[in-house]
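Reader: I would like a close look at the charged side chains of this protein, and above all at the salt bridges. Please take me through them one after another, with the setting of each partner.

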Amino acid sequence: MELQPPRGTADLLPPASDAMLGLYEAAHRSARLFGFRYVETPTFEHTELFARTSGETSDVVTKEMYTFEDKGGRSLTLRPEQTASIVRAYLENAHDLPNPFKAYHVSQQFRHGRPQAGRLREFRQFGVETIGVAAPGADVEVIALGDRFLRGRGLDDLELQVNSIGDAECRPAYREKLIAYLEPHAAELDEDCRTRLRTNPLRVFDCKVDGKTPLVLGAPMISDNLCQACAEHFAAVRNGLDADGVAFEHDPRLVRGLDYYTRTTFEFASGALSQAQSALGGGGRYDGLAEVLGGPATPGVGFALGLDRILLAMPATGARTPGGAGVACFVVALGAEATTVGTRLLKDLREAGIPAASAFEDRPLKAQLRMADRAGAAYVAIVGEREVEAGTAQLRRLASGEREGEQEQEEVPLDDVVNWFSRTDWAAER
Ligand code: HAM
């Protein structure tokens, strides 16, 4: 039996799972602070949903989908992203949902890429979508939320790039202009990029090998070729970000890997990660997506942040990894009588909302202290024969790195232990 999980997946175990949980909690808090509502959609969808919305030419669709046939012969796909699913769910239930619909998710996605650090086949995202508002204020709000979430994680070497890639009004003409410029130079592009030139010329700006060649640098830029409405929208987004104090740069070459974007696109990158995996998240506007699904024209804008990458970037920038310790109190009972007292104390602590645990059997002090330490406990409450007699417990801090014999210890009456924990900032002790 193979004990390793499949390639590109990983078990999330303590302490990394504590850190991930910290990110989940921060994601829920941040999204709700901005008025977004939590949603869940199915882990798999009809393949057509992603094939239609992500675009026939994007890497996500052409190379990376986890597609399978179910027992009924239907083609299903594990979701590679959430935007398409959330828009689908919105269109199906629009009459019951608020308008605009501000949704957020914290969920796993699946992409069959080549696994490496920061690139997994199953990974986690925190994302938001504002559906039903065309106004630039909605773009500003989601970008400001993403920025606030990332900065709140201590990611100071954060770069935010913003661009506009136009819409159905101005992009076709620009596309022709770009093809006309690139075509005579096709031989200078590698094979992959030559294919892009024909199928999706804007993605030539993403060609890693040639992305910085004079050829691409000299190419006409979409942001210089916007129609008036798109140009005004882009100006309003930039002004809104300035007014909100969100630092950003305009990167005229920023095009994104999914095909549904119109107008605003943006990406957050971290200097702490290698170039290839530096994108912590990104998003943009997708005003044509609902119609691709057969719905009425419905504007939308959102982002997704890669939580696995954010965790990788956090220690590298010296940020404190979030997430907590195990329990506040590990009850150490020594002897039969103490075990009865300890069991009651354990119950009292839990009833008061103070996380607590204990050993399941009477073992020597040292062994129980080791268990407490491994459980990530902030404190132990030791009850031995002497304490049973005195009606007390010895409370000892288990701060990591402390040497034997140096621990602070305090004798507290049993009926005051719960209060003692209520007075102590035990979570900060580990
Ligand atoms: P995306 O750029 O494909 O956008 O993914 C967003 C983020 O997910 C990336 O920047 C990265 O941090 C993380 N990510 C992507 N692939 C992987 C992977 N294989 N392993 C680890 N992390 C990864 C979207 O998914 C769009 N739905 C964003 C959006 C929402 N646009 C509008 N609304």
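Author: A residue is called buried here when its relative accessible area is under 20%, exposed when that area is over 50%, and partly exposed in between. The model is a predicted one, and by this measure Asp139 counts as buried because its relative accessibility is 0%. Its partner Arg285 is likewise buried, with a relative accessible area of 0%. The side chains of Asp139 and Arg285 meet in a salt bridge, with 2.6 Å from N to O. Since Asp139 belongs to helix 5 (residues 136–152) and Arg285 to strand 10 (residues 279–285), the pair ties together parts that are 146 residues apart in sequence.

A second salt bridge joins the side chains of Glu267 and Arg256, at 2.8 Å from N to O. Here Glu267 lies in strand 9 (residues 262–270), while Arg256 sits in the loop between strand 8 (249–250) and strand 9, so this pair ties together parts that are 11 residues apart in sequence. Glu267 is partly exposed, with a relative accessible area of 22%, whereas Arg256, at 14% relative accessibility, counts as buried.

In helix 2 (residues 47–53) the setting is a single helix, for Glu48 and Arg52 both lie there, 4 residues apart, which is about one turn of the helix. The closest N and O atoms of the salt bridge between Glu48 and Arg52 are 3.1 Å apart. Both partners count as partly exposed, Glu48 at 48% relative accessibility and Arg52 at 45%. Elsewhere, Glu45, Arg88 and Glu92 are linked in a network of salt bridges. A search of the whole structure finds 15 salt bridges, and the pairs described above are among them.

Charges outside such pairs also deserve a look. Asp156, Asp157, Glu159 and Glu249 gather on the surface in a patch of negative charge. Of these residues, Glu159 has its place in strand 7 (residues 158–164), and at 41% relative accessibility Glu159 counts as partly exposed. Over the chain as a whole there are 48 positive and 63 negative charges, and the mean positions of the two sets are 2 Å apart.

As for the wider setting, the chain holds 15 helices and 16 strands, and buried residues make up 49% of its 430 residues. Among the contacts in the chain with a separation of 6 or more, 70% are between residues 24 or more positions apart.

Definitions and conventions. Residues numbered from 1 in each chain as written. Predicted model: local features only at pLDDT ≥ 70, side-chain atom pairs only at ≥ 80, totals over all residues. Heavy atoms only, no water. Patch = residues over 30% accessible without salt bridge, like charges linked within 9 Å, V, L, I, M, F, W, Y side chains within 5 Å. Areas by Shrake-Rupley, 256 points an atom, 1.4 Å probe, with all protein chains shown as cover. Salt bridge = Lys/Arg side-chain N within 4 Å of Asp/Glu carboxyl O. Lys, Arg positive; Asp, Glu negative; His and termini not counted. Charge placed at Lys NZ, Arg CZ, Asp CG, Glu CD. Helix = DSSP H or I, 4+ residues; strand = E, 2+ residues; numbered from the N terminus. Buried < 20%, exposed > 50% of the residue type's maximum accessible area, 1.4 Å probe, protein only. Contact = heavy atoms within 4.5 Å.
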